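User: I am new to reading protein models. Can you take me through one, feature by feature?

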Amino acid sequence: TYGTVSFDYPKTWSGYVDETNSSEPINGYFHPNIVPGVQSKTAYALRLKLVNTDYSSLVKQHDTRVKEGTVKASAYVPPKMVGVANVQPGTRLDGALDQNTTGSMVIIKVRDKTLQIYAQSNDFLKDFNDTVLPSLTFAP
């Protein structure tokens, strides 16, 4: 129904996908060993959301931090998606994503939805950059 999103992550990580919210058709949590509870306030190794929110409004939410210099924004296309028809460049954000999260996020338009995939802590950036993003594919 929502297309396909695929990526690799370290074998020592576990994943949990919550499919109960219709405004977030995919809401995934990934973390080494055991995934902490959703209410735990833990900075997850990886978060994945496919949301019904418009791409431009999600990117716009970070404008203030980009202007302040606490977040760096750049155009991004996953390496495996370069040259694929109908793939539009997304946005990569690096830095203070919100009050409690410093990491990296990629926001990409996928059909009529928006994909957000991000490391919620700089502790997991190596895995994010070396394993997750290079293997990321989706059905445009």
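User: Let us start with a single residue. Is Asn86 buried or exposed?

Analyst: First, a caution: this is a predicted model. To judge burial, look at relative accessible area; over 50% counts as exposed. Asn86 has 70% relative accessibility, so it counts as exposed. Asn86 sits in the loop between strand E5 (71-76) and strand E6 (90-96).

User: What is the phi of Asn86?

Analyst: Start with the general idea. Most residues other than glycine have a negative phi. Asn86 is not a glycine, yet its phi is positive, about 70°. Asn33 is another case, with a positive phi near 65°. Asn33 lies in the loop between E3 and E4. Its relative accessibility is 58%, so Asn33 counts as exposed.

User: Now the strands. How many residues of strand E3 are buried?

Analyst: Here you count buried residues along the strand, where buried means under 20% relative accessible area. In strand E3 (residues 26-32), 6 of the 7 residues are buried, so the strand is largely enclosed by the rest of the structure. Strand E4 (46-51) has 6 of its 6 residues buried, so E4 is largely enclosed too.

User: Which way do the side chains of E4 point?

Analyst: In a regular strand the side chains alternate between the two faces of the sheet. Now look at E4. Leu46, Leu48 and Leu50 point one way. Arg47, Lys49 and Val51 point the other way. All of these residues are buried.

User: Which strands pair with E3, and in what sense?

Analyst: To read pairing, look for bridges between strands and note the direction. E3 pairs with strand E2 (residues 13-18) in the antiparallel sense, over 6 bridges. One bridge joins Gly15 to its partner in E3, Phe30. E3 also pairs with E4, again antiparallel, over 5 bridges. There, Asn27 stands opposite Lys49, and Ile26 stands opposite Leu50.

User: How many bridges join E4 to E8?

Analyst: E4 and E8 run antiparallel and are joined by 5 bridges. Arg47 of this pairing stands opposite Tyr118 in E8. Keep Arg47 in mind.

User: Where does Arg47 lie relative to Tyr29?

Analyst: For a charge and a ring, check whether the charge sits over the ring face. Arg47 lies over the face of Tyr29, at 3.8 Å from the ring centre.

User: Which residues lie nearest the centre of the largest pocket?

Analyst: Arg47 turns up again. Along with Asp98, Thr101, Tyr118 and Gln120, Arg47 lies nearest the centre of the largest pocket. That pocket has a volume of about 470 Å³. Its lining has 20 residues, divided into 8 nonpolar, 8 polar and 4 charged. Strands E4 and E8 (113-119) each supply at least two residues of this lining.

User: How many aromatic pairs does a search of the whole structure find?

Analyst: With aromatic rings, check the distance between centres, then the angle between planes. The search finds 7 aromatic pairs. Take Trp13 and Phe124: their ring centres are 6.2 Å apart and their planes stand at 90°, so this pair is edge-to-face. Trp13 lies in strand E2, and Phe124 in the loop between E8 and helix H3 (125-135), so the pair ties together parts 111 residues apart in sequence. Trp13 is buried, with a relative accessible area of 7%. Phe124 is buried as well, at 14%.

User: Which residues form an aromatic cluster with Trp13 and Phe124?

Analyst: Phe7, Tyr9 and Phe30 join Trp13 and Phe124 in one aromatic cluster. Phe30 is the bridge partner of Gly15 that you met earlier. Phe7 lies in the loop between strand E1 (5-6) and E2. At 14% relative accessibility, Phe7 counts as buried.

User: How many residues separate Phe7 and Thr137 in sequence, and what is the distance between them in space?

Analyst: Compare the two kinds of separation. Phe7 and Thr137 are 130 residues apart in sequence, but their C-alpha atoms are 6.4 Å apart in space. Now try Thr102 and Lys41. They are 61 residues apart along the chain, with 14 Å between their C-alpha atoms. Thr102 lies in strand E7 (residues 102-110) and is partly exposed, with a relative accessible area of 40%.

Terms used:
Residues numbered from 1 in each chain as written. Predicted model: local features only at pLDDT ≥ 70, side-chain atom pairs only at ≥ 80, totals over all residues. Heavy atoms only, no water. 1 Å grid on protein atoms, 1.4 Å probe; cavity = no way out; pocket = protein on both sides within 12 Å on 5 of 7 lines; lining within 4 Å. Points joined across faces, edges and corners; volume = space filled by probe spheres on them. Helix = DSSP H or I, 4+ residues; strand = E, 2+ residues; numbered from the N terminus. Nonpolar A, V, L, I, M, F, W, Y, C, P; charged D, E, K, R; others polar. Buried < 20%, exposed > 50% of the residue type's maximum accessible area, 1.4 Å probe, protein only. Pairing = 2+ DSSP bridges. Phe/Tyr/Trp six-rings, centres within 6.5 Å; stacked < 30°, edge-to-face > 60°. Lys NZ or Arg CZ within 6 Å of the ring centre and 35° of its normal.
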